[in-house]
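Good morning, and thank you for the time on today's agenda. I would like to take you through the aromatic pairs, one sheet and the nonpolar cores of the structure now being shown.

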Amino acid sequence: GGSPINLNLLPGPDGLQLFACDSDVVEPLAPFAIPNPTLWCWSDDWTHVLAVDQERKRVSTFRLEGETFEPTMSPRTLPKGVNAHCVAMKGDQPYVGTQSVWLPVDDRGWQQIPMPGFARGEGKRLDGLIIDGDRLVAVDDLLLPKWNLEYDITDPGQPVYVRAKEMRANI
């Protein structure tokens, strides 16, 4: 076994696989449940993984149990017209970034967390999601104006918009 800090998902012969990484030894452990997710990330505490199968527009979450993954959310189809562009996870709470932030609710539903009006527009989308303690930072850094949008996620299932910071044009 090993602690989550020395376990990692890496490409294997048949897609993503969990490996134990110890100094200069990398040992394959178990294949990941979704062999080739388009997007994936570890949770902020390294206990869960969020994976997106972009072809089928399905999002799944898993909990690391020893050296394997146990599903914690059945594959859930994103709402019509929503394409995941970035992902993040606080504990077992997944976040999917598109033109705004989406999070799963109930058994199969999704909740859209509204973006401030000034950050919306033709072609605008979130390019990254970052968990920083009890903050979720949604990064829009492609089209001008560029924004870092901060949400309070003290309650991870109820993000609350706090503020926006405009990024300089040359960033």
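Let me begin with a single tyrosine. Y161 has a relative accessibility of 33%, and because buried means under 20% and exposed over 50%, Y161 counts as partly exposed. Please keep in mind throughout that this is a predicted model.

Which residue does Y161 pair with? Its aromatic partner is Y151, in an edge-to-face arrangement with 5.7 Å from centre to centre and 65° between the planes. Y151 belongs to strand β14 (residues 146–152) and Y161 to strand β15 (residues 160–167), so the pair links distant parts of the chain, ten residues apart. Unlike Y161, which is partly exposed, Y151 is buried, at 1% relative accessibility.

I turn now to the aromatic pairs as a group. The structure holds five of them. In one, the ring centres of F32 and F62 are 5.1 Å apart and the planes stand at 65°, so this pair is edge-to-face. F32 sits in the loop between β3 (25–31) and β4 (39–42), whereas F62 is in strand β6 (residues 58–65); the pair therefore ties together parts that are 30 residues apart in sequence. Both phenylalanines count as buried: F32 has a relative accessibility of 4%, and F62 has 6%. Ring pairs also join F32 and F62 with W42, W46 and F69 in a cluster.

Strand β6 brings us to the sheet. Four strands form an open sheet in the order β4-β5-β6-β7, and their pairing is antiparallel. Why do β4 and β7 (68–77) each have a side without a neighbour in the sheet? They stand at the edges with a single partner strand each, so one side of each is left free of a neighbour. On average, neighbouring strands here are turned by 15° against each other, direction ignored. Between β6 and β7, which run antiparallel, there are seven bridges. V59 stands opposite R76 in β7.

Finally, the nonpolar cores. In soluble globular proteins, nonpolar side chains tend to be buried together. The largest nonpolar core here has 17 residues, and Y95, V101, L126, L129, L136 and L149 have the most contacts inside it. Two or more residues each come from β8 (86–90), β10 (101–105), β12 (128–132), β13 (135–140) and β14. Of these, β14 gives the most, with three residues. A second, separate core has 14 residues, among them C41, L50, L78 and W102.

Thank you; I welcome your questions.

Methods:
Residues are numbered from 1 along each chain as its sequence is written. This is a predicted model: local features need pLDDT of at least 70, side-chain atom pairs count only at pLDDT 80 or more; totals for chains, interfaces and linings use all residues. Side-chain values use heavy atoms; hydrogens and water are left out. Rings of Phe, Tyr and Trp (its six-membered ring) pair if their centres lie within 6.5 Å; planes under 30 degrees apart count as stacked, over 60 as edge-to-face and the rest as tilted. Buried means under 20% relative accessible area, exposed over 50%, partly exposed in between (1.4 Å probe, protein chains only). Two strands pair if DSSP finds at least two bridges between them. Axes are lines fitted to C-alpha atoms, for helices over the stretch in contact, and angles run from 0 to 180 degrees between N-to-C directions. A nonpolar core is a set of buried Ala, Val, Leu, Ile, Met, Phe, Trp, Tyr and Cys residues joined through side-chain atoms within 4.5 Å.
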